Amino acid sequence: MYIKTRILLAVVISLCSVINSNAQELRCIVSINSQKIANSDRNVFNNMQQVIAEFMNNTRWSTDKFKSEERIDCSLNIIIDTRPSNNDFTGSIQITSNRPVYKSTYNSPLMNIKDDKFQFKFVEFQQLEWNENGSNTNLVNVLAFYAFMMLGFDYDSYSPLGGTVFFSKAQVIVNNSANVSEPGWRAAESDRNRYWLCENINAPLFKPVRELMYKMHRKGLDEMTKDQPTSLRTISEAILPLKKIQQTRPTSWLLQNFCYAKSDEIINIFKGEPVPPDMKNSVKLAMQEIDIPNASKYDAITQ
């Protein structure tokens with residue numbers, strides 16, 4: 001009996017090791033806000049939250065092997081505005097993700113996007129499955145689209161243009177969704193939707209945004225404790241090319257979301273005492289030109 005118990009324990013430990021060494025890519029927290037839907041069974045929203053969380057966290061989005069501690073921390077906050085029928089829902093979805101900074105307890109934000117064009121069907125207790133080579137529901141396509149976007153931004157932050165394969169997968173979803181009835185996938189609908197976010201991230205004009213993700217995180221923040229002056233200079237110089245993007249495409253949703261996700265961090269990086277005054281002023285003026293609606297916010301860098 002003792003031998004059998006030891007063998008069983010060894011098998012369990014072995015299986016756990018395999019699971020931990022081949023963990024899925026995302027560690028996603030999902031929340032559902034259904035307060036606007038009166039007189040509705042709350043159990044459906046509890047099940048919706050569970051099913052979406054399982055889908056995001058248990059789907060293999062790449063062929064790469066992730067250790068448990070390497071999973072990407074992210075969140076989806078879904079607000080339900082209306083329930084036109086029993087299985088139909090409309091609302092918005094907020095997507096955030098971050099990555100750890102080397103040799104610190106700080107997590108740097110990578111994405112913070114609010115998508116207001118979220119319409120989907122959800123059948124209670126029906127599991128979600130991603131079929132990369134076939135048809136999917138709009139709910140699955142939206143979730144998969146943002147999963148690939150989060151992976152793309154994360155990989156870009158570790159290697160130059162490292163997220164290309166994931167942004168290309170997101171582009172395939174956009175192309176395949178061009179004729180669906182739900183909004184968010186077509187150019188003519190709005191300049192702030194999934195189509196334009198994907199168009200921007202894959203366009204050569206926006207390459208400096210992707211290059212900045214690498215220089216700011218891998219060559220900047222990750223090496224800050226090793227060589228602070230060089231890291232600060234690397235980040236400040238990588239910000240400057242974004243001015244041309246703003247001049248060419250001032251309504252770019254990608255650029256707006258970059259500013260929304262990174263503005264507070266940029267201010268905190270450059271407002272400190274060790275930063276040379278000329279660098280502070282250069283970054284402040286650049287960000288005021290890039291993020292015109294919030295220009296006054298960057299005065300904090302030199303105050």
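This report covers the pockets, the cavity, the ring contacts and a few single residues of a predicted model.

## Largest pocket

The largest pocket holds about 290 Å³ of space. Its lining is made up of 14 residues, and those closest to the centre of the pocket are Phe-66, Glu-70, Arg-71, Asp-154 and Tyr-158. Several of these residues return below in other contacts.

Three elements each give at least two residues to the lining of the largest pocket: strand S2 (72-85), strand S3 (88-100) and helix H3 (138-156). Of the elements, S3 gives the most, with 3 residues. Sorted by class, the lining of the largest pocket has 7 charged, 5 nonpolar and 2 polar residues.

## Second largest pocket

For the second largest pocket the volume is about 210 Å³. This pocket is lined by 16 residues, of which Gln-256, Cys-259, Asp-291, Pro-293 and Asn-294 are the closest to its centre.

Helix H9 (residues 253-270) provides the largest share of the lining of the second largest pocket, 5 residues. The classes in this lining are 8 nonpolar, 5 polar and 3 charged.

## Cavity

How many cavities of 30 Å³ or more does a search of the whole structure find? The search finds 1. About 70 Å³ of space lies in the largest cavity.

The lining of the largest cavity consists of Leu-110, Met-111, Asn-112, Ile-113, Phe-153, Leu-197, Val-209, Met-213, Leu-254, Asn-257, Phe-258 and Ala-261. Strand S4 (107-121), helix H6 (207-217) and H9 are the elements that give two or more residues to this lining. H9 therefore appears in two linings, that of the second largest pocket and that of the largest cavity. The lining of the largest cavity divides into 10 nonpolar and 2 polar residues, with no charged residue.

## Aromatic pairs

The structure holds 13 aromatic pairs. One of them joins Phe-66 and Tyr-155, with 6.4 Å from centre to centre and 40° between the planes, and is tilted. This pair links distant parts of the chain, 89 residues apart: Phe-66 is in the loop between helix H2 (43-58) and S2, and Tyr-155 is in helix H3. Phe-66 and Tyr-155 are both buried. Phe-66 is also among the residues closest to the centre of the largest pocket.

Phe-89 and Phe-120 form a further pair, which counts as stacked because the ring centres are 5.5 Å apart and the planes stand at 20°, where stacked requires planes under 30 degrees apart. Since Phe-89 lies in strand S3 and Phe-120 in strand S4, the pair ties together parts that are 31 residues apart in sequence. Both Phe-89 and Phe-120 are buried. Ring pairs link these two residues with Phe-45 and Phe-118 into a cluster.

## Charges over rings

Arg-99 lies over the face of Tyr-158, at 4.0 Å from the ring centre. Tyr-158 is one of the residues closest to the centre of the largest pocket.

A second arginine is placed over a tryptophan: the charged end of Arg-194 sits over the ring of Trp-185, 4.5 Å from its centre.

## Single residues

Ser-62 lies in the loop between H2 and S2. Is Ser-62 buried or exposed? Its relative accessible area is 15%, and buried means under 20%, so Ser-62 is buried. The side chain of Ser-62 reaches the backbone nitrogen of Asp-64 at 3.2 Å.

Arg-233 has its place in helix H7 (residues 228-239). Its relative accessibility is 39%; partly exposed covers values between 20% and 50%, so Arg-233 counts as partly exposed. From C-alpha to C-alpha, Arg-233 and Asp-154 are 22 Å apart in space, and the two are 79 residues apart in sequence. Asp-154 is among the residues closest to the centre of the largest pocket.

Ala-144 is in helix H3, an element that supplies at least two residues of the lining of the largest pocket. At 0% relative accessibility, Ala-144 counts as buried. The C-alpha atoms of Ala-144 and Val-180 are separated by 16 Å, and the two residues are 36 apart along the chain.

Technical notes:
Residues are numbered from 1 along each chain as its sequence is written. This is a predicted model: local features need pLDDT of at least 70, side-chain atom pairs count only at pLDDT 80 or more; totals for chains, interfaces and linings use all residues. Side-chain values use heavy atoms; hydrogens and water are left out. On a 1 Å grid over the protein atoms alone, a cavity is a set of points where a 1.4 Å probe fits but cannot get out, and a pocket is an open set with protein on both sides within 12 Å along at least five of seven lines; lining residues have an atom within 4 Å of a point. Grid points are joined across faces, edges and corners, and a volume is the space filled by probe spheres set on the points. Helices (H or I, at least four residues) and strands (E, at least two) are DSSP runs, numbered from the N terminus. Ala, Val, Leu, Ile, Met, Phe, Trp, Tyr, Cys and Pro count as nonpolar, Asp, Glu, Lys and Arg as charged, and the others, Gly among them, as polar. Rings of Phe, Tyr and Trp (its six-membered ring) pair if their centres lie within 6.5 Å; planes under 30 degrees apart count as stacked, over 60 as edge-to-face and the rest as tilted. Buried means under 20% relative accessible area, exposed over 50%, partly exposed in between (1.4 Å probe, protein chains only). A charge sits over a ring if NZ of Lys or CZ of Arg is within 6 Å of the ring centre and within 35 degrees of the ring normal. A polar contact is a pair of N or O atoms within 3.5 Å; within protein, one must be able to donate a hydrogen and the other to accept it, and residues adjacent in sequence count only if both atoms are side-chain atoms.
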